[in-house]
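Dear colleague,

Please find below the sequence and structure for your review. My notes on pockets, cavities and the surface follow.

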Amino acid sequence: MGVPLVDLKAQYALIKPEIDTAVQRVLTHTGFILGDEVANFERAFADYIGVREAVGVASGTAALRLALQACGVGPGDAVVTSAYTFFATAEAIQQVGATPIFVDIDMATYNLDPNCVEDVVIDRNRGSRSAGNGRVRAIVPVHLYGRPADMDPLLDIASRHELMVIEDAAQAHGAEYRGRRCGAMGHLGCFSFYPGKNLGAYGDAGMVTGNDDELLERVRRLRDHGRTSKHEHSEFGWGERLDALQAAVLLVKLPHLDAWTQARSAHARRYTELLDGGAVVVPYDPPDSRHAHHLYVIRSQQRDDLLAHLRARGIGAGVHYPIPLHRQPAMVRRGWNQFSLPTAEQAAAEVISLPLYPELTDNQTLQVVEAVTEFYSS
Ligand SMILES: Cc1ncc(COP(=O)(O)O)c(C=O)c1O
């Protein structure tokens, strides 16, 4: 028996009666768009994150795009973000007409290195960097793998340079940095409920969180065609609403999230106990943060061979992510090939994600560790 990277069926089996009742409720009342299901989930998620308000949208990518737009980021602007994240972070910046500016990461955390960010902002706003035009208007820190980015120095840089901060918390539901939850620290926070996320819908779904009523009101308008009333549209927006079926599913799952995160963290600790001191680099848990353990990511200089070995033994290992954003073909075409961001490049060559989900058993964890150990002893 192998071990999958994630197991969505195991989770559904545990909450089937609650989920089936919620789905049946929506099918019966037929209020499929917005309405009480979405409003109730928005309220519950805002309380969970510790913000005034949350606005449900169609995906994490939509959340980022609408948040950027609500913050006034658009054509002619540049946005600083991590070179090492899922492609959608940069895609959303491009979608609002702005230029993504990639900054290298800290290898211990895989997140934006604040030491690199300020140099780039100053350099860029003096007009001396190429690869697209524009003054820096915003920073998009990503809490990669569920580990919070080092927000205090980033917020400080943003306040000194008058930049908006939009958190990409797509992988960080419930993660905390110095007592504050991811998604509650910047001007706006963006979440994905893609099925494999810690809090996953049964389709695409996302959320924008924050404390600024005006910004969130704009996100609310933009997600629904710029609508101010049934027949009046104050600006051009998008059809990017969260649908009621997904909200009903998420409302069932939210009360389970902390227990699921605790289970993920226990499995992560067990992996680290068993692998630390061996041939692979185990993840670092910053002491002032609560990691959401979306992914358990190790590093190996023989990554591709180790990956092939694990897969041959039925272990569903993955790579998040094999290509840093400045090396993606879509970015190389925009001039990024002339820049080197060595830490992101090294991470992309060495990382490997081991199976991690709440329902993982001790036996499965041991099976994964034995397969890793076997690779290095052969
Ligand atoms: C870091 C990050 N940003 C953005 C996204 C985009 O979210 P979605 O797939 O819901 O559009 C994802 C998830 O896929 C992600 O992991």
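**Pockets, cavity and surface patch**

α3 provides the largest share of the lining of the largest pocket, namely three residues. Please bear in mind throughout that this is a predicted model.

The largest pocket has a volume of about 500 Å³. Its lining comprises 28 residues, and those nearest the centre are F86, Q171, Y194, K197 and Y321. At least two lining residues of the largest pocket come from each of α3 (60–70) and α4 (87–95). Sorted by class, the lining of the largest pocket contains 14 nonpolar, ten polar and four charged residues. Where does the largest pocket lie with respect to domain 1 (8–254) and domain 2 (256–377)? Both domains give residues to the lining of the largest pocket, so this pocket lies between them.

The second largest pocket has a volume of about 190 Å³. It is lined by 17 residues, of which D106, T109, D150, Y177 and P286 are the closest to its centre. β5 (111–112) and α5 (114–125) each contribute at least two residues to the lining of the second largest pocket. The class counts for the lining of the second largest pocket are eight nonpolar, four polar and five charged residues. The second largest pocket also lies between domain 1 (8–254) and domain 2 (256–377), because both give residues to its lining.

Turning to enclosed space, the count comes to one cavity of 30 Å³ or more. The largest cavity has a volume of about 110 Å³. Of the 14 residues that line the largest cavity, L8, Q11, K197, R264 and P358 lie nearest its centre. K197 thus appears in two of these lists: K197 is among the residues nearest the centre of the largest pocket, and K197 is also among those nearest the centre of the largest cavity. The lining of the largest cavity consists of five nonpolar, four polar and five charged residues. Domain 1 (8–254) and domain 2 (256–377) each supply at least three residues to the lining of the largest cavity.

Finally, there is a nonpolar patch on the surface, formed by L27, F32 and I33. Together, these residues have about 270 Å² of accessible area. Within this patch, I33 is located in the loop between α1 (8–29) and α2 (35–49).

With kind regards

Methods:
Residues are numbered from 1 along each chain as its sequence is written. This is a predicted model: local features need pLDDT of at least 70, side-chain atom pairs count only at pLDDT 80 or more; totals for chains, interfaces and linings use all residues. Side-chain values use heavy atoms; hydrogens and water are left out. On a 1 Å grid over the protein atoms alone, a cavity is a set of points where a 1.4 Å probe fits but cannot get out, and a pocket is an open set with protein on both sides within 12 Å along at least five of seven lines; lining residues have an atom within 4 Å of a point. Grid points are joined across faces, edges and corners, and a volume is the space filled by probe spheres set on the points. Helices (H or I, at least four residues) and strands (E, at least two) are DSSP runs, numbered from the N terminus. Ala, Val, Leu, Ile, Met, Phe, Trp, Tyr, Cys and Pro count as nonpolar, Asp, Glu, Lys and Arg as charged, and the others, Gly among them, as polar. Domain bounds come from an automatic or database domain assignment. Patches are made of residues with over 30% relative accessible area and no salt bridge: like charges are joined within 9 Å, nonpolar side chains (Val, Leu, Ile, Met, Phe, Trp, Tyr) within 5 Å. Accessible areas come from the Shrake-Rupley method with a 1.4 Å probe; for residues, only the protein chains shown count as cover. A salt bridge is a side-chain nitrogen of Lys or Arg within 4 Å of a carboxyl oxygen of Asp or Glu.
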